[in-house]
Every structure is written in C-alpha cells, then in structure tokens.
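Labels such as "buried" or "tetrahedral" are easy to read past. The questions below ask what stands behind them.

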Amino acid sequence: MILAAALLTIGAVVFTLLVRASDLPVPEPVSPTRHLDQRKAAIYENLRDLQFEYRLGKLSDKDYELTKLGLQKELAAVLAEFDKLAGKPAPPPPPKPQNQCPHCQATFDKPLKFCGECGQPMTGGAAS
Ligand SMILES: [Zn+2]
C-alpha cells in the first residue's frame, strides 16, 4: 500500500514536471540573421569604443587605424553574409544594347526607324 502510494506520488510529480515542461513557451525560432545582427552590433560598439578611446588620446594614430581597419573588414564580412542569407540575386547583366541595327550591329543613342549606318529598317527586319 505504501509502495503504491509512493509510486502514485512519483507518477504525479513526473506528470507535473512533464506538463510544466510542455507548458513552457516554445522558444522563438532563431532567425538565420540573428547571430549576424549580434555580431554587427558588437562591431559597431567596438568601433564606437575605439573612437572614444582615440579621442581620449589612449590610442596612437597607428593603433587606431589598424584596429579600425580590422573592424571594418569584419563588418564587411558580416554584411556580405547578410546578403548571402537574403538570397540577393546577382546584379543583372548589363541591358542589351537597344537601338542596335540587326543588320550591321551599329548602335544609336535614339531609336531610329532606319539604320544610320546601312540604311536598313531597324525594326521588324530579323524579328518577323
Ligand atoms: Zn545598320
């Protein structure tokens, strides 16, 4: 009887613990850029500190420049990482030259009906 009571108690405790665990708020999904945000913030803070100390005269020009350069490099790397995660498409290829003569490939600043080089019609020649 005592054993049964003990088991029941243990069961109740375990049950309570389990329920409590599942009642805990689900941790927010970690954003892929979160650690980058933190790194970026840390770098900005370092840069601020660096400037502050430099203004106080605690750093030599050389130390300041070197440290700043290192931090800026780090920052650039973090920003590049951001771009990668954002899935930014590669810059679009340069636009096709417009107003290009389909016959002699001469290009013109303005759309022309007839090519200024060879005199052939600029549109409808090759397309149709
Ligand atoms: Zn032409």
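The questions and answers that follow concern a predicted model.

Q: What is the fold pattern of the protein chain, read along the sequence?
A: The pattern is α-α-α, with three helices and zero strands. Of the 128 residues, 11% count as buried. The accessible surface comes to about 10,800 Å², and 62% of that belongs to carbon and sulfur atoms.

Q: Which residues coordinate the zinc ion?
A: Cys101, Cys104, Cys115 and Cys118 do, each through SG, at 2.2 to 2.3 Å. Donors are N, O and S atoms within 2.8 Å of the metal, so these sulfur atoms qualify. The spacing of the donor residues in sequence is C-x2-C-x10-C-x2-C.

Q: What makes the arrangement around the zinc ion tetrahedral?
A: Four donors count as tetrahedral if all angles lie between 85 and 135 degrees. Around the zinc ion the four donor atoms subtend angles of 105 to 118 degrees, so the arrangement is tetrahedral.

Q: Why is cysteine 115 called buried?
A: Buried means under 20% relative accessible area. Cysteine 115 has 5% relative accessibility, so the label applies.

Q: Why does cysteine 104 count as partly exposed?
A: The partly exposed class lies between the buried limit of 20% and the exposed limit of 50%. Cysteine 104 is at 34% relative accessibility and therefore belongs there. Cysteine 118 also has a relative accessible area of 34%, so cysteine 118 is partly exposed.

Q: Where does cysteine 118 lie, and which residues is it in contact with, leaving aside its neighbours within four places in sequence?
A: Cysteine 118 lies in the segment after α3. With those neighbours set aside, its contacts are Cys101, His103 and Cys104. Cysteine 118 and cysteine 101 are 17 residues apart in sequence, and their C-alpha atoms are 8.5 Å apart in space.

Q: How do you know that lysine 84 forms a salt bridge with glutamate 81?
A: The definition asks for a side-chain nitrogen of Lys or Arg within 4 Å of a carboxyl oxygen of Asp or Glu. In this pair the closest N and O atoms are 3.9 Å apart, so the pair meets the definition. The structure holds one salt bridge. Both residues lie in helix α3, three residues apart, about one turn of the helix.

Q: Are lysine 84 and glutamate 81 buried, partly exposed or exposed?
A: Lysine 84 is at 62% relative accessibility, which is over 50%, so lysine 84 counts as exposed. Glutamate 81 is at 33%, between the two limits, and therefore counts as partly exposed.

Q: Which residues make the nonpolar surface patch of about 530 Å²?
A: Leu3, Leu7, Ile10, Val14 and Leu18 make the patch. Patch members need over 30% relative accessible area. Leucine 7, in helix α1 (residues 2-23), is at 56%, so leucine 7 clears that limit and also counts as exposed, which requires over 50%.

Q: What is notable about phi of glutamine 105?
A: Phi is near 65 degrees, a positive value in a residue other than glycine. Glutamine 105 is found in the segment after α3. Its relative accessibility is 46%, which is not over 50%, so glutamine 105 counts as partly exposed.

Key:
Residues are numbered from 1 along each chain as its sequence is written. This is a predicted model: local features need pLDDT of at least 70, side-chain atom pairs count only at pLDDT 80 or more; totals for chains, interfaces and linings use all residues. Side-chain values use heavy atoms; hydrogens and water are left out. Patches are made of residues with over 30% relative accessible area and no salt bridge: like charges are joined within 9 Å, nonpolar side chains (Val, Leu, Ile, Met, Phe, Trp, Tyr) within 5 Å. Accessible areas come from the Shrake-Rupley method with a 1.4 Å probe; for residues, only the protein chains shown count as cover. Helices (H or I, at least four residues) and strands (E, at least two) are DSSP runs, numbered from the N terminus. Buried means under 20% relative accessible area, exposed over 50%, partly exposed in between (1.4 Å probe, protein chains only). Donors are N, O and S atoms within 2.8 Å of the metal (3.2 Å for Na, K and Ca); water is not among the atoms, so sites may look incomplete. Four donors count as tetrahedral if all angles lie between 85 and 135 degrees; four count as square planar and six as octahedral if opposite donors are over 155 degrees apart and all others between 65 and 115; anything else is irregular. Contact means heavy atoms within 4.5 Å.
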